[in-house]
Amino acid sequence: MEDLYSLIEIAESNEDYRTILEILRWYEGFSCPRCSCTEAYRIKTRSLFECKNCRMQVSATSGTFLHGVRNLRVWVKAILSFATSEGQSAVSVARLFNRGYSTAWFMMQKIRMVLENGFEESGEAYFLPCSMLKEALFKASSGDEHFELDEAESCSEPVLSGRAAVLVAFLLGTFRGVSRKYSQLYALEFAYRSLAVSAEPIRLLSMFVRGRIARRKTITSYVAPYLIRLPSAL
Ligand SMILES: [Zn+2]
């Protein structure tokens, strides 16, 4: 793993990042996604592996959340930006990577979606009611009508303290407020940035060389389960 950290430090080109993803995906050796054969030929010119048994050709990203992504450098850098405590809005990501706003928003939305999937697998967590985020929820969004407060939630008056107050400040400071629809994903991002795992870029990256191909519409409409579970330390 130490080697991987130093590779990340010096990576510059798309090829460098592809190599990192290859190591992460097949850390314990190649395994064919179709037949599980562990031997493959390497097709250098196309950055592919060909399964010795069934001849399927796979790249480090095929069939994963990063399937079809060409600019791995930008994507990996954006993903790794989640391993820092500083939040990035779509505006700042667009500026940073010289992309349009909607592309930047899409990237961040997809990264949050994958994080949510990753969190789903880890156990320790508790529910964060939307009412705790109330002060930061003021951006309109087309999906908001699906998110009416239920009775138990609306009559509770949680005292914002400690990290929850920091979370609201994060939502206001980084995103200038968020919509109710996506609020749980933003809250999750905060949890990830602030607790998780600021020191674990590898764990973060490895979430992306698993998973499945996600369609654009699935990503843009993705919302975390209402009342997402956050690590209990929050
Ligand atoms: Zn195979």
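This note goes through a predicted model of a protein chain with a zinc ion.

1. Overall make-up. The protein chain has 234 residues, and 48% of them count as buried. Its secondary structure consists of ten helices and seven strands.

2. Contacts and surface. Taking the contacts between residues at least 6 apart in sequence, 74% join residues at least 24 apart. The accessible surface of the chain is about 12,300 Å². Carbon and sulfur atoms account for 50% of that surface.

3. Zinc site, donors. Four cysteine sulfurs coordinate the zinc ion: the SG atoms of Cys32, Cys35, Cys51 and Cys54. The coordination distances run from 2.3 to 2.4 Å. Along the chain these donors are spaced as C-x2-C-x15-C-x2-C.

4. Zinc site, geometry. The angles among the four donor atoms span 100 to 116°, and the site is tetrahedral. The cut-off for this label is that all angles lie between 85 and 135 degrees, so the site qualifies.

5. Zinc site, placement in the fold. Cysteine 32 sits in the loop that runs between helix H2 (14-25) and strand E1 (40-43). Cysteine 54 belongs to the loop between strand E2 (48-51) and strand E3 (57-58). The pair therefore ties together parts that are 22 residues apart in sequence.

6. Zinc site, exposure. Are cysteine 32 and cysteine 54 buried or partly exposed? Cysteine 32 has a relative accessibility of 2% and counts as buried. Cysteine 54, with a relative accessible area of 22%, is partly exposed. The limit for buried is under 20%, so the value for cysteine 54 falls outside that class.

7. Glutamate 22. This residue is part of helix H2, the helix that precedes the loop holding cysteine 32. Its relative accessible area is 10%, so glutamate 22 is buried. Leaving aside residues up to four places away in sequence, glutamate 22 touches Arg42, Ser47, Phe49 and Ala60. Among these partners, Arg42 falls within the range of strand E1 (40-43) and Phe49 within that of strand E2 (48-51).

8. Nonpolar patch. Leu7, Ile10, Ile23 and Tyr27 make a nonpolar patch of about 360 Å² on the surface. One of its members, isoleucine 10, lies in helix H1, which covers residues 2-10. Isoleucine 10 has a relative accessibility of 61% and so counts as exposed. Another member, Ile23, falls within the range of helix H2 (14-25).

Definitions and conventions. Residues numbered from 1 in each chain as written. Predicted model: local features only at pLDDT ≥ 70, side-chain atom pairs only at ≥ 80, totals over all residues. Heavy atoms only, no water. Donors = N, O, S within 2.8 Å, 3.2 Å for Na, K, Ca; no water. Tetrahedral: all angles 85-135°; square planar, octahedral: opposite > 155°, others 65-115°. Helix = DSSP H or I, 4+ residues; strand = E, 2+ residues; numbered from the N terminus. Buried < 20%, exposed > 50% of the residue type's maximum accessible area, 1.4 Å probe, protein only. Contact = heavy atoms within 4.5 Å. Areas by Shrake-Rupley, 256 points an atom, 1.4 Å probe, with all protein chains shown as cover. Patch = residues over 30% accessible without salt bridge, like charges linked within 9 Å, V, L, I, M, F, W, Y side chains within 5 Å. Salt bridge = Lys/Arg side-chain N within 4 Å of Asp/Glu carboxyl O.
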